[in-house]
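Ready for some practice in reading a protein model? Work through each exercise with the structure open beside you, and try it yourself before reading the solution.

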Amino acid sequence: MSLLKRLGGGSPQPAEVAPAAAAVRPPTTAVAPPPEPPVAASATPVHAVTSTSAAVVEDPRPPTDIQRMLEMSLWVVDRIQASLGSQTELKRSPETERMLQERFARVYQQANVSLPDTAVKQLFTMVCDELMGFGPIQQLLNDDSISEVMVNGPNRIYIEQKGKLRLSDVRFASEEHVLKVIDRIIRPLGRRVDRKWPMVDARLPDGSRVNAIIPPCAIDGSTITIRKFSKNKLKVDDLIRFGSMTPEMAEFMRACVVSRLNIVVSGGTGSGKTTLLNVLSNFIPEDERIVTIEDSAELQLAQDHVVRLEAKPAEVDGSGRVAIRDLVINSLRMRPERVVIGECRGGETLDMLQAMNTGHDGSLTTLHANTPRDAIARMETMSMMAGMDMPLKVIREQIASAIDLIVQQTRLDDGQRKVSYITEVQGMEGETVVLQDIFKLEIISKSPEGKINAELRPTGVRPRFTPRLEAHNFRLPPNIFGAQIPGQKRSW
Ligand SMILES: Nc1ncnc2c1ncn2[C@@H]1O[C@H](COP(=O)(O)OP(=O)(O)OP(=O)(O)O)[C@@H](O)[C@H]1O
Ligand SMILES: [Mg+2]
């Protein structure tokens, strides 16, 4: 069978491959394809993942097959690029893929190696990913079961799959190779990264969030972190199905959103804050004008009347930065009925609290904290970052009167993500903000394999803001909050 047929393409057209045959000698240097089939009969796909803990010191992966295929793919890429002349920026399309199939077939034949069909297909995919995608990590980006990709230098690429971190078998050829991919990600956006300013935030064409940081700040090699954009954002029914919340908790939170309570979603990195904010924001009634403010647009609201604002990094000369804080201030002049702030990280917290206290209620945001009590402390610290020189007690009072509810999102050790607290902010008692848990996660047991058995339970306390819910026609039955009604079973 001809190589092109094996790749699923048409017949080769030798005239299209520009360089003379002499220029396409089988390689003899470090990037040479090996004389024997590099991945012959290998059962491990190049992008297979190896389960391991983050603390592994020894690299458990057999490097040879993967590295040989990588080197060979780069060797083929060099030849194809030479044949393309100045036309090196390729956009993925069926025509480009066909053109690459023909050139690949030609170069491969000249390399004079013989690989099994599966390896040839894999090699062609790697070549395409190199020329039209983001190199070795493209396979990981294509895999919908992977939610995060973390490149820690050329040799260690971690992924998050089903809530667990794993070391993948993917590698880059070198530090330069990683830099080349970073450049390919940020160049179309007019951004750059260099020794002078070695970090950058960007977004892939599909909306995935990317951060890259290179030496000298990244000590062990260029680092890329990609939070993949999930095409199908998790919906409230998904979160209930996963056991992240109970139907009662969902109904309670819907009532709180519709009744215009000010809600903070608190949680650690990657715990699911934005996902939950998205779910809560989708509870906002259709007829209200919503302004969303984000660092990098992640929210997907189903409502029609939504204005989406995104912060803007500084230009190359350092000017022109538009921060979340600027957008929060601006949004208040846009007649918002709801302001949804993707995440509060600094001084914008004070502007948000002031807005909530001056008639812009029903606002939603997230912040980084590990418990509802921590969330209060974090809001205090971030409000101080606004530089308004306010006494702590005044800031605390602003928090206590602005925020009605804190929803804590947690990623458990076994990878499950759950709402661990729904807590009412009741007000101040002396110097202290009074918090009352309404729902709480209780860890029941942990299996020898590490699987956590936990239950979400109401605490039995009805929130003090119940009359506000009732004013919006939500008459939640007492058993939602854990009250036992004679003859009726508890819902958990
Ligand atoms: N309840 C859940 N169950 C399962 N997966 C979830 C859940 N919530 C979020 N995820 C997944 O976890 C990943 C991280 O979610 P998300 O972006 O919402 O976290 P985050 O806390 O906002 O992260 P960051 O701190 O980086 O902003 C996503 O891939 C998302 O689809
Ligand atoms: Mg987030």
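**Exercise 1.** Decide whether Arg-260 is buried or exposed.

*Solution.* Keep in mind that this is a predicted model. Begin with the count: Arg-260 has 20 C-beta neighbours inside 10 Å. A residue is buried if 20 or more other C-beta atoms lie within 10 Å of its own. Arg-260 therefore counts as buried. Next, find its place in the chain: Arg-260 sits in the loop that runs between helix 8 and strand 8 (263–267). Finally, look at the backbone: the phi of Arg-260 is positive, at about 65°, although this residue is not a glycine.

**Exercise 2.** Do the same for Asn-473: is Asn-473 buried or exposed?

*Solution.* Count first: Asn-473 has 9 other C-beta atoms within 10 Å. The cut-off for exposed is 12 or fewer, so Asn-473 is exposed. As for location, Asn-473 belongs to the segment after helix 14 (466–471). Its phi is positive, about 70°, and Asn-473 is not a glycine either.

**Exercise 3.** Describe the surroundings of Tyr-158 and of Ser-174.

*Solution.* Take Tyr-158 to start with; you will find it in strand 3 (residues 156–161). Because it has 19 C-beta neighbours inside 10 Å, Tyr-158 counts as partly exposed. Now list its contacts, leaving aside neighbours within four places in sequence: Tyr-158 is in contact with Met-150, Asn-152, Leu-165, Arg-166, Leu-167 and Ser-168. For a distance, try Asp-169: the C-alpha atoms of Tyr-158 and Asp-169 are separated by 8.8 Å, and the two residues are 11 residues apart along the chain.

Then move to Ser-174, in the loop between strand 4 (164–168) and helix 6 (175–186). Its 15 C-beta neighbours inside 10 Å are the reason why Ser-174 counts as partly exposed. Between the C-alpha atoms of Ser-174 and Gly-153 there are 8.4 Å, while along the chain these residues are 21 residues apart.

**Exercise 4.** What kind of peptide bond joins Pro-215 and Pro-216, and where does Pro-216 lie?

*Solution.* Check omega: for this bond, omega is about 10°. The peptide bond between Pro-215 and Pro-216 is cis. Pro-216 is part of the loop between strand 6 (209–213) and strand 7 (223–227).

**Exercise 5.** Describe how helix 3 packs with helix 4.

*Solution.* Get the geometry first. Helix 3 (residues 94–111) and helix 4 (residues 117–132) have axes 11 Å apart and pack at an angle of about 125°. Angles over 145 degrees count as roughly antiparallel and those of 65 to 115 as roughly perpendicular. Helix 3 and helix 4 are therefore oblique to each other. Their crossing is right-handed. Now see which residues meet: helix 3 offers Thr-96, Glu-97, Leu-100 and Phe-104, and helix 4 offers Phe-124, Val-127, Cys-128, Leu-131 and Met-132. Sorted by class, this contact has seven nonpolar residues, one polar and one charged.

**Exercise 6.** Repeat the steps for helix 11 and helix 13.

*Solution.* The axes of helix 11 (residues 348–357) and helix 13 (residues 392–402) are 9 Å apart, and the packing angle is about 50°. So helix 11 and helix 13 are oblique to each other. This crossing is left-handed. From helix 11, Leu-353, Met-356 and Asn-357 meet Gln-398, Ile-399, Ser-401 and Ala-402 of helix 13. The contact of helix 11 with helix 13 holds four nonpolar and three polar residues, but no charged ones.

**Exercise 7.** Which residues have the most contacts inside the largest nonpolar core?

*Solution.* A general idea helps here: in soluble globular proteins, nonpolar side chains tend to be buried together. In this model the largest nonpolar core has 57 residues, and Ile-263, Val-407 and Ile-422 have the most contacts inside it. Helix 8 (residues 247–258) supplies the largest share of this core, with six residues. Zoom in on Val-407: not counting residues up to four places away in sequence, Val-407 touches Met-253, Ile-263, Val-265, Leu-276, Val-419 and Ile-422. Apart from this core lies another, of 46 residues, including Leu-74, Ile-80, Leu-100 and Ile-137.

**Exercise 8.** Sum up the whole chain: how many helices and strands does the chain have?

*Solution.* Counting gives 14 helices and 16 strands. Of the 492 residues in the chain, 37% are buried. Among contacts with a separation of 6 or more, 58% are between residues 24 or more positions apart.

Notes
Residues are numbered from 1 along each chain as its sequence is written. Chains are lettered from A and ligands numbered from 1 in the order in which they are written. This is a predicted model: local features need pLDDT of at least 70, side-chain atom pairs count only at pLDDT 80 or more; totals for chains, interfaces and linings use all residues. Axes are lines fitted to C-alpha atoms, for helices over the stretch in contact, and angles run from 0 to 180 degrees between N-to-C directions. Helices (H or I, at least four residues) and strands (E, at least two) are DSSP runs, numbered from the N terminus. Angles under 35 degrees count as roughly parallel, over 145 as roughly antiparallel, 65 to 115 as roughly perpendicular and the rest as oblique. A crossing is left-handed if the near helix is turned anticlockwise from the far one by less than a right angle, and right-handed if clockwise. Two residues are in contact if their C-beta atoms, placed from the backbone, lie within 7 Å. Ala, Val, Leu, Ile, Met, Phe, Trp, Tyr, Cys and Pro count as nonpolar, Asp, Glu, Lys and Arg as charged, and the others, Gly among them, as polar. A nonpolar core is a set of buried Ala, Val, Leu, Ile, Met, Phe, Trp, Tyr and Cys residues joined through C-beta atoms within 7 Å.
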